[in-house]
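Labels such as buried, tilted or paired rest on cut-offs. The questions below ask how each label is earned.

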Amino acid sequence: GSGNLFHHNISFHNFNRGFEISTDTGKTYLYNNTAYNNGGSGIAFDGQRNVTLVMASKAWNNIVFGNGTPSNSQNAAVGTLLGNLDSDYNFWGSLSDIQSITSRYAGNDQHSLYGNPQFDNPTNITVDTSLYTNSVLRTPNPNFGKVTGLSIAPASAAIDRAYDIGAYYLDFNGISAVDDPLVPNNGGGLITYYDMGAIECH
């Protein structure tokens, strides 16, 4: 259905795509997610069937890096969507990712960055599975398994660069944002020190 919200999720080491906005998902919001080292595109903006359902889907504050294959780097895949895509304040792997979006949807990603977001330890990503029992989340623990290795390093340009989307202030690991006094607040909205991606730098 329409109106789906996905925020502070991590998709990595998958065989195919990390995230997908399609005509099957309807109007979708992707806020502060991280897609890394997936075999397909990091985020696929894809729609080839009922195009009326994808009007004004939003992708903000995401980090999308290192996806695709060595011979076909593909962080953003743009299909035949005919609605209005709202994409900004993202960190893409390359300028061509931004151009693939703006060539079809002019005016998007004006505040986005591209390049290496500088994860702290991407070659040694770990997931704390102690929060799970037989793949079912233990309650009442609010976290979904702490992930290490995909936090952004202190030198990352993604720090204090996200847009304040409101209400979703805890990162993937359940930690609130902290303003880095050594980094200018270049984000947008009411609070300008949120980080891009699913995990805040601490």
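Q: Which residues of helix 1 are buried?
A: In this predicted model, helix 1 spans residues 95-102, and its buried residues are Asp97, Ile98 and Ile101. Each of them therefore has under 20% relative accessible area.

Q: Why are they placed on the same side of helix 1?
A: They cover an arc of only 95° around the axis, so they sit on the same side of helix 1.

Q: What covers the buried residues of helix 1?
A: The cover includes strand 6 (43-45), strand 11 (76-78), strand 12 (86-88), strand 13 (91-92) and strand 14 (113-114).

Q: Why is Tyr194 called buried?
A: Its relative accessible area is 10%. Buried means under 20%, so Tyr194 qualifies.

Q: What makes Tyr193 partly exposed?
A: Its relative accessibility is 25%. Partly exposed runs between 20% and 50%, so Tyr193 belongs there.

Q: How many aromatic pairs are there?
A: The count comes to eight aromatic pairs. Tyr193 and Tyr194 form one such pair, 5.7 Å centre to centre. The limit is 6.5 Å, so Tyr193 and Tyr194 count as a pair.

Q: Why is the pair of Tyr193 and Tyr194 called tilted?
A: The angle between the planes is 35°. Stacked needs under 30 degrees and edge-to-face needs over 60, so this pair is tilted.

Q: What makes Lys58 lie over the face of Trp60?
A: Lys58 is at 4.7 Å from the ring centre of Trp60. The distance limit is 6 Å, so that part of the test is met.

Q: How do you know that strand 1 and strand 4 pair?
A: Four bridges join strand 1 (residues 4-7) to strand 4 (residues 28-31). Pairing needs at least two bridges, so the two strands pair. They run parallel. His7 has Tyr31 as its bridge partner in strand 4.

Q: What makes strand 4 and strand 7 a pair?
A: Three bridges link strand 4 to strand 7 (residues 58-60), in the parallel sense. The requirement is at least two, so strand 4 and strand 7 pair. Leu30 stands opposite Ala59 in strand 7.

Q: Which residues have the most contacts inside the largest nonpolar core?
A: They are Ile10, Ile63, Phe119, Ile152 and Met196, in a core of 21 residues. Another core lies apart from it, with 14 residues, among them Leu30, Ile43, Leu85 and Trp92.

Q: Which aromatic cluster includes Phe119?
A: Phe119 forms one aromatic cluster with Tyr36 and Phe65. Beyond its neighbours within four places in sequence, Phe119 has contacts including Thr34, Ile63, Gly149 and Ile152.

Definitions and conventions:
Residues numbered from 1 in each chain as written. Predicted model: local features only at pLDDT ≥ 70, side-chain atom pairs only at ≥ 80, totals over all residues. Heavy atoms only, no water. Phe/Tyr/Trp six-rings, centres within 6.5 Å; stacked < 30°, edge-to-face > 60°. Buried < 20%, exposed > 50% of the residue type's maximum accessible area, 1.4 Å probe, protein only. Lys NZ or Arg CZ within 6 Å of the ring centre and 35° of its normal. Core = buried A, V, L, I, M, F, W, Y, C linked by side-chain atoms within 4.5 Å. Contact = heavy atoms within 4.5 Å. Arc of directions from axis to C-beta.
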